[in-house]
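Here is a report on side-chain pairing, surface and cores in one protein model. The sequence and structure come first.

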Amino acid sequence: MKKVYGSAAEALDGLLRDDMLIAAGGFGLCGIPELLLQAIKESGVQNLTFASNNAGVDDFGIGILLQTRQVKKMLSSYVGENDTFMQQYLSGELELEFNPQGTLAERMRAGGAGIPGFYTKTGVGTQIAEGKEHKDFDGETYILERGIFADLSIVKAWKADTTGNAIFRKTARNFNPPAAMCGKTCVMEVEEIVEPGELDPDNIHLPGIYVHRLIQGDHEKRIEKRTVREG
């Protein structure tokens, strides 16, 4: 089965529609599927829900889709560093479901494993727990969190072979693997594509069984907040 496509637009052809749930990898500005996000913007699809740790910044990451108001809801852990995200949320334009980072990652992983829900202590006694089922185990209270089953996953890897076996570098490994797992279809962009057998099997972070389409492209290496020592 062909998995390698020539461009982000080609890889997303036939997959996009209005009102879909998309799981996106990335942590801050690290490991963002920027080429696929740009292609989604150019497609013009509307009323999207994104499950992602954050929305990048105003002009990078999911932020470019907030600027065009193509996103109706975010399932996220962090709002900071993106003024558009904050303004749309505070004005009521954008629906936001806050999730602690570990809970969000586990919701994605659970969805990829076919697990519809799990109990966690994280968020008990806070607004996170409002409206959720509570259950006691061994004298401790837990809340029920639902697994995320996305219509589409978009992720970025450092290196992959043509079958989709992928390696992520450092912080990019936080959310990309679970995000890739929980989508009905996963499209992955990578910095380098190699032939099967060139990657050490012991170093594979995401098996190719989860990846349906992939592209290779050039990526911008952005630093969210550059801090340097005084001269």
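## Salt bridges

R17 and D151 pair through their side chains in a salt bridge, 3.2 Å from N to O. The term means a side-chain nitrogen of Lys or Arg within 4 Å of a carboxyl oxygen of Asp or Glu. R17 sits in the loop between helix 1 (8–12) and strand 1 (21–24), D151 in strand 8 (residues 150–161), and the two are 134 residues apart. Helices (H or I, at least four residues) and strands (E, at least two) are DSSP runs, numbered from the N terminus.

The model is predicted: local features need pLDDT of at least 70, side-chain atom pairs count only at pLDDT 80 or more, and totals for chains, interfaces and linings use all residues. Residues are numbered from 1 along each chain as its sequence is written, and side-chain values use heavy atoms, with hydrogens and water left out.

The salt-bridge count is 12. Three of the pairs are tabulated here.

| Pair | N to O distance | Separation in sequence |
|---|---|---|
| R17 and D151 | 3.2 Å | 134 residues |
| D19 and K72 | 3.8 Å | 53 residues |
| R107 and E97 | 3.0 Å | 10 residues |

Is R17 buried or exposed, or in between? R17 is partly exposed, at 42% relative accessible area. Its partner D151 counts as buried, at 19%. The cut-offs are under 20% relative accessible area for buried, over 50% for exposed, and partly exposed in between (1.4 Å probe, protein chains only).

D19 bridges to K72. D19 lies in the loop between helix 1 and strand 1, and K72 in strand 3 (residues 71–76), so the pair ties together parts that are 53 residues apart in sequence. D19 is partly exposed at 44%. K72 is partly exposed at 37%.

R107 pairs with E97. R107 belongs to helix 5 (residues 101–112) and E97 to strand 4 (residues 95–98). R107 is buried at 7%, while E97 is partly exposed at 23%. Both belong to a salt-bridge network that links K73, E95, E97 and R107.

## Surface patch

Which residues form a nonpolar patch on the surface? They are M86, Y89, L90 and F98, with about 390 Å² of accessible area together. Patch members have over 30% relative accessible area and no salt bridge; like charges are joined within 9 Å, nonpolar side chains (Val, Leu, Ile, Met, Phe, Trp, Tyr) within 5 Å. Areas come from the Shrake-Rupley method with a 1.4 Å probe; for residues, only the protein chains shown count as cover. Helix 4 (residues 83–90) gives the most to the patch, 3 residues. F98 lies in strand 4 and is partly exposed at 35%.

## T120

T120 is in strand 5 (residues 117–120). T120 is buried, at 13%. Its side chain reaches the backbone nitrogen of T122 at 3.1 Å. Beyond neighbours within four places in sequence, T120 is in contact (heavy atoms within 4.5 Å) with T103, Y142, I143 and E145.

## Nonpolar cores

A nonpolar core is a set of buried Ala, Val, Leu, Ile, Met, Phe, Trp, Tyr and Cys residues joined through side-chain atoms within 4.5 Å. The largest one has 33 residues, and F50, M74 and I154 have the most contacts inside it. Elements supplying at least two residues each include helix 1, strand 1, strand 2 (48–51) and strand 8. Helix 2 gives the largest share of this core, 4 residues.

Outside its neighbours within four places in sequence, F50 has contacts including I22, L37, L65, M74 and I154. A second, separate core has 26 residues, among them M108, I148, F175 and A180.

Note on methods:
A polar contact is a pair of N or O atoms within 3.5 Å; within protein, one must be able to donate a hydrogen and the other to accept it, and residues adjacent in sequence count only if both atoms are side-chain atoms.
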